[in-house]
Amino acid sequence: MKIYDEHQRLQKVVCNRCEKNLFVENGLLKDSVFEGKQSFGYFSGRDGVTHRFELCEECYNEWIGMFRIPVEETENTEMI
């Protein structure tokens, strides 16, 4: 969960699963986080609803560890 101040500057990021506070400095996130967002459309049980959440790296690793088919992984040669 991302929390912003009245000037829309990032103040805090909390893992939605374990509630860990991720490192934010001067409005910049300086920690690894998975950002999930899904807008549900027709033919779902959540028509017209959007979900958004953040997971710390530890919770993300636990989550993908439960997958029967592993996530596709590629190496990046450049990091922004």
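In the predicted model, the radius of gyration of the protein is 15 Å, whereas a compact globule of 80 residues would have a value near 12 Å. Along the principal axes, the C-alpha atoms occupy a box of roughly 40 × 35 × 25 Å. Buried positions make up 15% of the 80 residues. The exposed surface amounts to about 7,100 Å², of which carbon and sulfur atoms contribute 49%. Among contacts with a separation of 6 or more, 27% involve residues 24 or more positions apart.

The secondary structure consists of 1 helix and 7 strands. Their order along the sequence is β-β-β-β-β-β-β-α.

Aromatic side chains were examined next. A pair of aromatic rings is described by the distance of the centres and the angle of the planes. The count of such pairs in the protein is 7. One of them joins phenylalanine 53 and tryptophan 63; the ring centres are 6.4 Å apart and the planes meet at 80 degrees, so the geometry is edge-to-face, the angle being over the 60 degrees required for that class. Phenylalanine 53 belongs to strand S7 (residues 50-56) and tryptophan 63 to helix H1 (residues 57-65), so this pair ties together parts that are 10 residues apart in sequence. Neither ring belongs to a buried residue: phenylalanine 53 is partly exposed at a relative accessible area of 26%, and tryptophan 63 is partly exposed at 31%, since buried status requires a value under 20%.

Tryptophan 63 also pairs with tyrosine 60, again edge-to-face, with 6.3 Å from centre to centre and 70 degrees between the planes. Unlike the pair between strand S7 and helix H1, this pair is contained in helix H1, where tyrosine 60 and tryptophan 63 are 3 residues apart, about one turn of the helix. Tyrosine 60 has a relative accessible area of 23% and is therefore partly exposed. Tryptophan 63 thus takes part in a pair with phenylalanine 53 and in a pair with tyrosine 60. Ring pairs extend this arrangement into a cluster made up of Phe34, Phe53, Tyr60, Trp63 and Phe67.

A contact of another kind involves a charged group and a ring. The charged end of arginine 46 is placed over the ring of phenylalanine 40, at 5.9 Å from the ring centre; the distance criterion for such an arrangement is within 6 Å.

Methods. Residues numbered from 1 in each chain as written. Heavy atoms only, no water. Phe/Tyr/Trp six-rings, centres within 6.5 Å; stacked < 30°, edge-to-face > 60°. Helix = DSSP H or I, 4+ residues; strand = E, 2+ residues; numbered from the N terminus. Buried < 20%, exposed > 50% of the residue type's maximum accessible area, 1.4 Å probe, protein only. Lys NZ or Arg CZ within 6 Å of the ring centre and 35° of its normal. Rg over C-alpha atoms; globule rule 2.2 N^0.38 Å. Contact = heavy atoms within 4.5 Å. Areas by Shrake-Rupley, 256 points an atom, 1.4 Å probe, with all protein chains shown as cover.
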